[in-house]
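This report describes the fold of one protein chain. Please keep the sequence and the structure in view while reading.

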Amino acid sequence: MFLDNKNIILLSTGSFNPPTNMHLRMFEIARDHLNRLGHTICGGLMSPTHDSYKKKDLAPSLHRCAMIEQALVALPWVKMSDWEVKQNGWTRTRQVLQYHQNHLNMIITSRLNGAIKVDTSLFPLQFIENLDANDSNQNRAVNVRLLCGADLLESFAVPGLWNDDDIEAIVRDYGLVVVSRSGSNPHKFIYESNVLTKYMANIIVVTEWITNEVSSTKVRRALSRNESVKFLISELVESYIKEHGLYETLNK
Ligand SMILES: Nc1ncnc2c1ncn2[C@@H]1O[C@H](COP(=O)(O)OP(=O)(O)OP(=O)(O)O)[C@@H](O)[C@H]1O
Ligand SMILES: NC(=O)c1ccc[n+]([C@@H]2O[C@H](COP(=O)(O)O)[C@@H](O)[C@H]2O)c1
Ligand SMILES: [Zn+2]
């Protein structure tokens, strides 16, 4: 029932419309915290949601993927996964976790057998090299965990947004790493949920003491007003946005 796997890949899902410095910092904050708890962070994944995820002012995934790639130049231990955006429609987060965990298991098995050729590009080279150097099966097992902000956790309570089965499977089979966000109270939220309390051992709450309330919504608003977004998003992402004229006007 409890995830005792120490090797972790952090997977963050979201719109990333556009990716902000806080999306990147979440990975760093989580990695520091989990290292202290004795886990090994083998890598990170950012998985942008499909275009059919109807969200206001959502830029086409082609641009969101390109912006994530630009943002990740500064964070090479995290990779962008375009699997979600390549599907025929929106994919539920449980299935996103499942796909990436299966893919990872396949890589681990194939490296062990040294036989089948599997695409390893989603994961940092260092991680793949470590797999090859490590011949113990036990040490090779890696758990994909969902990395999210506290607002995403709290969205579990929005009626009709998440299947109860999915919530249970996510906390039971994958686990959560939740970064606090001002205005949220993840501990209280866990306490008020029976299923989250049942699996609380699989939920790691990371308090972000250096709070930073940058959000994609605020960045889009600043861009549409022709205000500076310097130090809120990476310079490469900013150049990409300007080059493609993104977020110049917003829907009312
Ligand atoms: N400032 C922040 N603190 C903690 N978590 C954050 C922060 N900004 C984003 N996140 C997390 O990043 C993930 C992706 O979120 P998302 O793409 O919705 O970004 P956002 O900045 O909240 O965008 P939007 O304003 O468009 O909702 C979510 O898990 C969200 O909780
Ligand atoms: N039922 C589900 O699996 C479910 C519901 C709502 C949002 N989500 C995901 O959570 C993320 C939320 O992103 P936003 O905060 O940008 O809306 C997206 O990646 C979305 O696909 C999943
Ligand atoms: Zn959001």
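The text below goes through the sheet, its strands, the helices packed on it, two residues and the largest pocket.

**The sheet**

The model is predicted. Its six strands make an open sheet with parallel pairing, in the order β3-β2-β1-β4-β5-β6. Which strands lie at the edges? They are β3 (78-80) and β6, each of which pairs on one side only. From one strand to the next, the twist averages 25 degrees.

The table lists four of the strand pairs, with the bridges between them and one pair of opposite residues for each.

| Strand pair | Sense and bridges | Residues opposite each other |
|---|---|---|
| β1 and β2 | parallel, eight bridges | Ile8 and Ile41 |
| β1 and β4 | parallel, four bridges | Ile8 and Asn143 |
| β4 and β5 | parallel, four bridges | Leu146 and Leu176 |
| β5 and β6 | parallel, four bridges | Val179 and Val206 |

Ile8 can be followed across the sheet: its bridge partner in β2 is Ile41, and in β4 it stands opposite Asn143. Between β4 and β5 a further pair can be named, as Leu147 stands opposite Val177.

**How the strands are covered**

In a regular strand, side chains alternate between the two faces of the sheet. Strand β4 can be read in this way. Asn143, Arg145, Leu147 and Gly149 point one way from β4, while Val144, Leu146 and Cys148 point the other way. All of these residues are buried. Why is β4 described as largely enclosed by the rest of the structure? The reason is that seven of the seven residues of β4 are buried.

Strand β1 is mostly covered too, with seven of its eight residues buried. The edge strand β6 (residues 203-206) is covered on both faces. Ile203 and Val205 are on one side of β6, Ile204 and Val206 are on the other, and all four are buried.

**Helices on the sheet**

Two helices can be placed against these strands. Helix α1 packs on the sheet and touches β1, β2 (40-48), β3, β4, β5 and β6. The direction of α1 makes about 155 degrees with that of β2. Helix α4 lies across β1, β2 and β4, and runs at about 145 degrees to β4.

**Two residues**

Met22 is found in helix α1. Is Met22 buried or exposed? Its relative accessibility is 11%, so Met22 counts as buried, the cut-off for buried being under 20%. Apart from neighbours within four places in sequence, Met22 is in contact with Ile29, Glu208, Asn212 and Val214. Met22 and Leu232 are 210 residues apart in sequence, yet their C-alpha atoms are 7.9 Å apart in space.

Ser15 sits in the loop between β1 and α1. Because its relative accessibility is 13%, Ser15 counts as buried. Not counting residues up to four places away in sequence, Ser15 touches Thr49, Tyr53, Lys55, Leu58 and Arg64. Met46 is 31 residues from Ser15 in sequence and 9.9 Å from Ser15 in space, C-alpha to C-alpha.

**The largest pocket**

Ser15 also belongs to the description of the largest pocket, where Gly14, Ser15, Lys55, Asp151 and Leu152 are the lining residues nearest the centre. How many residues line this pocket? There are 44 of them, and the pocket holds about 1000 Å³ of space.

Several elements give two or more residues to the lining: β1 (7-14), α1 (21-36), α4 (93-113), β4 (143-149), α7 (150-154) and α11 (216-224). Among them, α11 gives the most, with four residues. By class, the lining is made up of 12 nonpolar, 20 polar and 12 charged residues.

Some elements from the earlier sections return here. Strands β1 and β4, which pair in the parallel sense over four bridges, both give residues to the lining. Helix α1, which packs on the sheet, and helix α4, which lies across β1, β2 and β4, also give residues to the lining.

Notes:
Residues numbered from 1 in each chain as written. Chains lettered and ligands numbered in written order. Predicted model: local features only at pLDDT ≥ 70, side-chain atom pairs only at ≥ 80, totals over all residues. Heavy atoms only, no water. 1 Å grid on protein atoms, 1.4 Å probe; cavity = no way out; pocket = protein on both sides within 12 Å on 5 of 7 lines; lining within 4 Å. Points joined across faces, edges and corners; volume = space filled by probe spheres on them. Nonpolar A, V, L, I, M, F, W, Y, C, P; charged D, E, K, R; others polar. Buried < 20%, exposed > 50% of the residue type's maximum accessible area, 1.4 Å probe, protein only. Pairing = 2+ DSSP bridges. Axes fitted to C-alpha atoms, helices over the stretch in contact; angles between N-to-C directions. Contact = heavy atoms within 4.5 Å.
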